[in-house]
Amino acid sequence: MSLRLSTVILPYRRWHEGGRTPWARAEQLGFHTAYTYDHLSWRSFRDGPWFGAVPTLTAAVAVTERLRLGTLVTSPNFRHPVTLAKELISLDDISGGRVTLGIGAGGTGFDATALGQEPWTPRERADRFAEFLPLLDRLLTEDAVSYEGDFYSAHEARNIPGCVQRPRLPFAVAATGPRGLRLAARYGQAWVTTGDPKLYESGTPEQSDRALRDQGDRLADACAAIGRDVGELDRILLTGFTPDRGRPLESVDAFVDFAGRHRDLGFTELAVHWPIADSDFTADEKIFERIAMEAPAQLTV
């Protein structure tokens, strides 16, 4: 089984001052997908430049031809299904069907309060996501949708002609809890995880591997409960948030070892962050490019 290698390019640079460069280079290096975060701002980048995900991905379409593009991840924190569906259908059309939507319940970061609301509790986030995702699925697959829910409404929302990709663009659902895993099982074409956040500071790689295996087992149980083959879902690990941190990007051999472990856990795709100096994603760009060009061949069995 081969393991796809993708990258995450943060939207922190002006497009004409270097922001466009990594997208074109990602295609040249052979990455499967280039994702970006769908946030209003993020952690240490809050007080610096940060651009919107959908316009950035639209611009990335123009400098690439084959590379898939997507979000890791979009959430209900500042999105509404009706307006998001329209943007996604437009982006899918402009790209010729190269878009994947990474989507999750969201968290408690800056996005959670940017619209003036109090941060939602974990249960409130889960409740909203459980309504958001099925409605978005309908909006992307039906010509006209009306819906009245506890959190979201749609009144004769029209999305003609729909997605280029049929029946809609793929969902990569980020989830670790039982409700989220059930949504991934029902609506996902892929499942996304960053591992167990409790292990990031003081856990070991071995503990992380066990946690990821457990998450995969619970995903399989969720699929079995609705009669779906878990093998139909791709499994994506967004790297950089396990106890390994940035060490896999220190050499090609280190990355192949890291990637091989996670391939053996059932992952079909790893997403690595494009290097950013003086940040959590610092890495040697030359080694990063060697990994992109050399590691995939070593991970094909």
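**Exercise 1. The aromatic cluster**

Which residues form one aromatic cluster?

Solution. In this predicted model, the cluster consists of Tyr12, Tyr37, Trp42, Phe45, Trp50, Phe241 and Phe281. The search behind such groupings covers the whole structure and returns 13 aromatic pairs.

**Exercise 2. Two aromatic pairs**

Classify the pair formed by phenylalanine 31 and tryptophan 274 from the distance and the angle between the rings, then do the same for phenylalanine 132 and tyrosine 152.

Solution.

Step 1. Ring centres within 6.5 Å make a pair, and planes over 60 degrees apart count as edge-to-face, under 30 as stacked, and the rest as tilted.

Step 2. The centres of phenylalanine 31 and tryptophan 274 are 6.2 Å apart and the planes stand at 55°, so this pair is tilted. Phenylalanine 31 belongs to the loop between H1 and E2, and tryptophan 274 to the loop between E10 and H8, so the pair ties together parts 243 residues apart in sequence. Phenylalanine 31 is buried, with 6% relative accessibility, and tryptophan 274 is buried at 11%.

Step 3. Phenylalanine 132 and tyrosine 152 are 5.4 Å apart centre to centre, with 85° between the planes, and form an edge-to-face pair. This pair links helix H4 (residues 122-141), which holds phenylalanine 132, to the loop between strand E5 (144-148) and E6, which holds tyrosine 152; the two residues are 20 apart. Phenylalanine 132 and tyrosine 152 are both buried.

**Exercise 3. Charges over rings**

Over the face of which ring does arginine 168 lie, and over which does arginine 245 lie?

Solution. Arginine 168 lies over phenylalanine 171, at 3.6 Å from the ring centre. Arginine 245 lies over the face of tyrosine 200, and here the distance to the ring centre is 4.3 Å.

**Exercise 4. The faces of helix H2**

Which residues of helix H2 (residues 53-62) are buried, and why do they line one face of the helix?

Solution.

Step 1. The buried residues are Ala53, Val54, Thr56, Leu57, Ala60 and Val61.

Step 2. Viewed down the axis of H2, these buried residues fall within an arc of 160°, so they line one face. The spacing fits the general rule: an α-helix has 3.6 residues a turn, so residues three or four places apart point the same way.

Step 3. Pro55 and Ala62 are exposed and sit on the face of H2 turned away from the buried side.

Step 4. The packing partners of the buried residues are helix H1 (21-29), strand E2 (33-36), strand E3 (68-74) and helix H3 (81-95).

**Exercise 5. Backbone geometry**

Which residues are joined by a cis peptide bond with omega about -10°, and which by one with omega about 0°? Where do arginine 43 and aspartate 278 lie?

Solution.

Step 1. The bond between leucine 72 and valine 73 is cis, with omega about -10°; valine 73 is part of strand E3.

Step 2. Arginine 166 and proline 167 are joined by a cis bond with omega about 0°. Proline 167 is in the loop between strand E6 (153-158) and strand E7 (171-174).

Step 3. Arginine 43, a residue other than glycine, has a positive phi near 45°. It is placed in the loop between E2 and H2. Its relative accessible area of 49% makes arginine 43 partly exposed.

Step 4. Aspartate 278 is not a glycine either, yet its phi is positive, about 55°. The loop between strand E10 (269-273) and helix H8 (285-298) contains aspartate 278. With a relative accessible area of 80%, aspartate 278 is exposed.

How values were computed: Residues are numbered from 1 along each chain as its sequence is written. This is a predicted model: local features need pLDDT of at least 70, side-chain atom pairs count only at pLDDT 80 or more; totals for chains, interfaces and linings use all residues. Side-chain values use heavy atoms; hydrogens and water are left out. Buried means under 20% relative accessible area, exposed over 50%, partly exposed in between (1.4 Å probe, protein chains only). Helices (H or I, at least four residues) and strands (E, at least two) are DSSP runs, numbered from the N terminus. The arc is that of the directions from the helix axis to the C-beta atoms. Contact means heavy atoms within 4.5 Å. Rings of Phe, Tyr and Trp (its six-membered ring) pair if their centres lie within 6.5 Å; planes under 30 degrees apart count as stacked, over 60 as edge-to-face and the rest as tilted. A charge sits over a ring if NZ of Lys or CZ of Arg is within 6 Å of the ring centre and within 35 degrees of the ring normal.
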